[in-house]
Amino acid sequence: MHWKMRIASLTAALGITLGGSLAEAATASADTSCDWGYTCIWDGTNFTGHKIVSFSTNSCFWLGNYNFGWVTSYKNNNTVDASIWNPSATSLPGYKARNLPVGGFSSNINIDYLGADGWLCLGSATPYY
């Protein structure tokens, strides 16, 4: 019965598409999928919690715009590397805190506050404040 509830909640989860290139799950469902051509980040371990998905290949998204903790797990099935940038009081636009290589994944990055109030950048894009 527990698996039926998970499937029902997974089916009911709605995504918000912004600019045609970024979506955020409306609920903390257990959607561990990340399709080919997409970069997916989660704020929970083992691909749980809030999920942000992007198919962009050259842009940045400020994670502060979303109800998102910090990047705890990821899958990069995109065609370009992605990176997480953390803010810095001494250097703009901050610093690249973690590279997310093409084909890479981690169920527990284990870096506190990674991306908290920071940026997800894809391809050669860098954040601007």
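Which residues of the largest nonpolar core touch the most other members? In this predicted model, the residues in question are Ile-41, Val-71, Leu-100 and Leu-120, within a core of 16 residues. At least two residues of this core are supplied by strand E7 (82-86), and at least two by strand E10 (119-122). In soluble globular proteins, nonpolar side chains tend to be buried together.

The surroundings of Ile-41 were examined with residues up to four places away in sequence left out of the count. On that basis, Ile-41 touches Val-71, Leu-100 and Leu-120, and its partners also include Ile-52, Leu-63 and Phe-68. The list is completed by His-50, Lys-51, Ser-73 and Tyr-74.

The protein chain contains 1 helix and 10 strands. The order along the sequence is α-β-β-β-β-β-β-β-β-β-β, with the helix ahead of the strands. Of the 129 residues in the chain, 41% are buried. Among contacts with a separation of 6 or more, 63% are between residues 24 or more positions apart. The accessible surface of the chain amounts to about 7,000 Å², and carbon and sulfur atoms contribute 57% of this area.

Aromatic pairs were considered next. The structure holds 3 such pairs. One of them is formed by Tyr-38 and Phe-55, in an edge-to-face arrangement with 5.7 Å centre to centre and 80° between the planes. This pair links distant parts of the chain, the two residues being 17 residues apart. Tyr-38 lies in the loop between strand E2 (22-25) and strand E3 (39-44), whereas Phe-55 lies in the loop between strand E4 (48-54) and strand E5 (60-62). Tyr-38 counts as partly exposed because its relative accessibility is 28%. Phe-55 is likewise classed as partly exposed, at 40% relative accessibility.

Trp-42 and Phe-47 also form an edge-to-face pair, because their ring planes stand at 70° and the ring centres are 5.1 Å apart; the angle required for this class is over 60 degrees. Trp-42 has a relative accessible area of 0% and is therefore buried. Phe-47, at 12% relative accessibility, also counts as buried, the limit for that class being under 20%. The ring of Phe-47 has a further partner in Lys-75, whose charged end sits over the ring at 4.5 Å from its centre.

Polar side-chain contacts were examined at two serine residues. Ser-59 is located in the loop between E4 and E5, the loop that also holds Phe-55. The side chain of Ser-59 makes a polar contact with that of Ser-56, at 2.4 Å. With neighbours within four places in sequence set aside, Ser-59 is in contact with Leu-120, Cys-121, Leu-122 and Ala-125. Of these, Leu-120 is also a member of the largest nonpolar core and one of the residues touched by Ile-41.

Ser-124 is found in the segment after E10. Its relative accessible area is 63%, so Ser-124 is exposed, the threshold for that class being over 50%. The side chain of Ser-124 makes a polar contact with the side chain of Asn-58, at 3.3 Å. Ser-124 and Asp-81 are 43 residues apart along the chain, and their C-alpha atoms are separated by 8.3 Å.

Key
Residues are numbered from 1 along each chain as its sequence is written. Side-chain values use heavy atoms; hydrogens and water are left out. A nonpolar core is a set of buried Ala, Val, Leu, Ile, Met, Phe, Trp, Tyr and Cys residues joined through side-chain atoms within 4.5 Å. Buried means under 20% relative accessible area, exposed over 50%, partly exposed in between (1.4 Å probe, protein chains only). Helices (H or I, at least four residues) and strands (E, at least two) are DSSP runs, numbered from the N terminus. Contact means heavy atoms within 4.5 Å. Accessible areas come from the Shrake-Rupley method with a 1.4 Å probe; for residues, only the protein chains shown count as cover. Rings of Phe, Tyr and Trp (its six-membered ring) pair if their centres lie within 6.5 Å; planes under 30 degrees apart count as stacked, over 60 as edge-to-face and the rest as tilted. A charge sits over a ring if NZ of Lys or CZ of Arg is within 6 Å of the ring centre and within 35 degrees of the ring normal. A polar contact is a pair of N or O atoms within 3.5 Å; within protein, one must be able to donate a hydrogen and the other to accept it, and residues adjacent in sequence count only if both atoms are side-chain atoms.
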